Amino acid sequence: MLSLCVMLGLSACEDPPDETEVAIRSAPPERTFKGVLGGKPVHLVVHDCKLYAVRAEGRRKIGWTKLLEPDPYPFFTFCERQKLWEEKGTVRVTVGRVAFGAGGCCASGGTWRSSDGLDWTKER
């Protein structure tokens, strides 16, 4: 069966965005950072209580690498808190997971900071 691209005589067609691309592009401002840290360009995204470094893969495709996530918890959890912000030359991220059926936050999580976007120190 011929693809639509071949039938229309197009030399190349774009693949539809995958889940990663959709998550990166639809992340709200309070869950993204795009700027310079430690003299290097950095693009960070928080998604489902995990922090990712965004990277380009070719001209149009993007992907990510996980940098940190809360410690494992022995029961089922859901992401309750996730925020990323810049403060005095550093970036901070707070994530928190809540156990299903439990109130309040957080069964696992915390706040981390970085001055380069690669090395992270847990604050609390």
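**Close-up views of a predicted chain**

**View A. Lys 50 is buried, with a relative accessible area of 19%.** Buried here means under 20% relative accessible area, exposed means over 50%, and partly exposed lies in between (1.4 Å probe, protein chains only). You are looking at a predicted model, in which local features need pLDDT of at least 70, side-chain atom pairs count only at pLDDT 80 or more, and totals for chains, interfaces and linings use all residues. Residues are numbered from 1 along each chain as its sequence is written, and side-chain values use heavy atoms, with hydrogens and water left out. Lys 50 sits in strand E3; helices (H or I, at least four residues) and strands (E, at least two) are DSSP runs, numbered from the N terminus. Setting aside neighbours within four places in sequence, Lys 50 has contacts (heavy atoms within 4.5 Å) with Val 45, Lys 66, Leu 68 and Glu 69. Leu 67 is 17 residues from Lys 50 along the chain, and the C-alpha atoms of these two residues are 7.6 Å apart.

**View B. Lys 50 pairs with Asp 48 in a salt bridge.** The term covers a side-chain nitrogen of Lys or Arg within 4 Å of a carboxyl oxygen of Asp or Glu. For this pair, the closest N and O atoms are 3.5 Å apart. While Lys 50 is buried, Asp 48 is partly exposed at a relative accessible area of 35%. By the salt-bridge rule, the count comes to seven, and two further examples appear in Views E and F.

**View C. One disulfide turns up in a search of the whole structure.** The rule asks for a pair of cysteine sulfur atoms within 2.5 Å. Cys 49 and Cys 79 are the partners, with an S to S distance of 2.0 Å. Their link is right-handed, with 80° about the S-S bond. It ties together distant parts of the chain: Cys 49 lies in the loop between E2 and E3, and Cys 79 lies in strand E5 (residues 77-87), 30 residues apart. Cys 49 is buried, with a relative accessible area of 0%, whereas Cys 79 is partly exposed at 22%.

**View D. The largest nonpolar core has 15 residues.** Such a core is a set of buried Ala, Val, Leu, Ile, Met, Phe, Trp, Tyr and Cys residues joined through side-chain atoms within 4.5 Å. To get your bearings, start with the residues that have the most contacts inside it: Phe 33, Leu 44, Leu 51, Leu 84, Val 91, Val 93 and Trp 120. The elements giving two or more residues to this core are strands E1 (32-37), E2 (40-47), E3 (50-57) and E6 (90-99). Val 93 is a good residue to zoom in on: leaving out residues up to four places away in sequence, it touches Val 46, Leu 51, Leu 68, Lys 83, Leu 84, Trp 85, Gly 110, Thr 111, Trp 112 and Trp 120. There is also a second, separate core of eight residues, which includes Ala 23, Ile 24, Ala 27 and Ile 62.

**View E. Arg 25 and Glu 21 form a salt bridge.** Their closest N and O atoms are 3.4 Å apart. Both residues belong to helix H2 (residues 19-26); because they are four residues apart there, about one helical turn separates them. The two partners differ in their surroundings: Arg 25 is exposed, with a relative accessible area of 53%, and Glu 21 is buried at 6%.

**View F. Glu 123 and Arg 113 meet through their side chains in a salt bridge.** The N to O distance is 3.4 Å. This pair links distant parts of the chain, with Glu 123 in the segment after strand E8 (121-122) and Arg 113 in strand E7 (residues 108-114), 10 residues apart. Glu 123 is partly exposed, with a relative accessible area of 29%, and Arg 113 is also partly exposed, at 33%. Widen the view a little to follow the charges further: salt bridges that share partners join Glu 87, Arg 92, Arg 113 and Glu 123 into one network.

**View G. The whole chain comes to two helices and eight strands.** Along the sequence, the pattern runs α-α-β-β-β-β-β-β-β-β. Of the 124 residues in the chain, 35% are buried. Among contacts between residues at least 6 apart in sequence, 39% join residues at least 24 apart.
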